[in-house]
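Trainee: I am new to this structure and would like a close look at a single part of it. Could you take me through that part slowly and then connect it to what surrounds it?

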Amino acid sequence: MRRTATAAATAACALALAGCSAVRDLDDHLGGHSCTDVGVFEVMSVDLTRVLPFEGGDYDVVLALPDVGLTTTTTLTTNSDGPLEVHGDVDLDDEPVAVAVEARGPDGAVVYRGSGTHTPVLVQPNGPRCDPDNHWLTLQATDGGELVPLDPYGRVTDDRGRLAISLYTECGVQWLDDPTGTFGPWVREAGALDDGAGGPPPGWGAPYQRGWAAFTGDRVVFEDELGHREVFRPSTGADRYEPYPM
């Protein structure tokens, strides 16, 4: 089935505009079982967080699926909040798919090659009757050049179990969004760290600094490839949360 994330978003908007009547019409047609396109889209992605140095500059990554004739190039930006991940717009089914990636650094030199053959997973967020043919293939690049399955709902971690994260620095180092997405924001234990004018401190990336976060008791420790190590505590009602410029 060919339905991409963009198509799914369009369908969700159409459903919102149509209102409950659209669901009721489907409900009548299917004999009491309503269906929507919400959450229904096919996913083909490769995460390269564990194999690309965060401070290596921007990367051009070629994703190839020769079995289905797909080749696409994506530029991954170092100091951004997006994942180091590439996607392919492809129609998937239950047949094994060969996947290859090649990443080049700013100087054009190849910094990573990986490949693997895997079978897409059937994903049915609305039940078998609504999503009979909705497949996902989410992979992770490893140091050995192998692409291995990655839990699409999981978080990327390093060999020490730390979570990959992008720390917002545009207004200084002060706030850290919760790495697990479970709790509220965390605040730098030693107070805001900036350049004296509310901007990024010297030696930090902007507007984000990629790194790793680990829980230590009731604190979160952020570390990066530049040697920064910052401790964050849970925020309280007394803390004024201003993560983004107004």
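Mentor: In this predicted model, proline 207 sits in the loop that runs between strand E12 (186–188) and strand E13 (208–216), and the peptide bond leading into proline 207 from alanine 206 is cis, with omega near 5 degrees. That is worth a pause, since most peptide bonds are trans.

Turning to the packing of side chains, the largest nonpolar core has 29 residues, of which Met44, Val46, Leu48, Leu52, Val99 and Tyr112 touch the most other members. At least two residues of this core come from each of strand E1 (43–47), strand E2 (59–65), strand E3 (70–76), strand E5 (97–104) and strand E8 (135–141). Apart from this core lies another, made of 10 residues, including Leu167, Leu176, Trp204 and Val220. Tyrosine 112, once its neighbours within four places in sequence are left aside, is in contact with a set of residues that includes Leu48, Leu52, Val101, Ala141 and Leu147.

Some of these strands also belong to an open sheet of four strands, which has the order E3-E2-E5-E6 and antiparallel pairing. Because E3 and strand E6 (110–118) stand at the edges, each with a single partner strand, one side of each is left without a neighbour in the sheet. On average, and with direction ignored, neighbouring strands of this sheet are turned by 15 degrees against each other. Within the sheet, E2 and E5 run antiparallel and are joined by five bridges, and valine 61 has alanine 103 in E5 as its bridge partner.

Key
Residues numbered from 1 in each chain as written. Predicted model: local features only at pLDDT ≥ 70, side-chain atom pairs only at ≥ 80, totals over all residues. Heavy atoms only, no water. Core = buried A, V, L, I, M, F, W, Y, C linked by side-chain atoms within 4.5 Å. Buried < 20%, exposed > 50% of the residue type's maximum accessible area, 1.4 Å probe, protein only. Contact = heavy atoms within 4.5 Å. Pairing = 2+ DSSP bridges. Axes fitted to C-alpha atoms, helices over the stretch in contact; angles between N-to-C directions.
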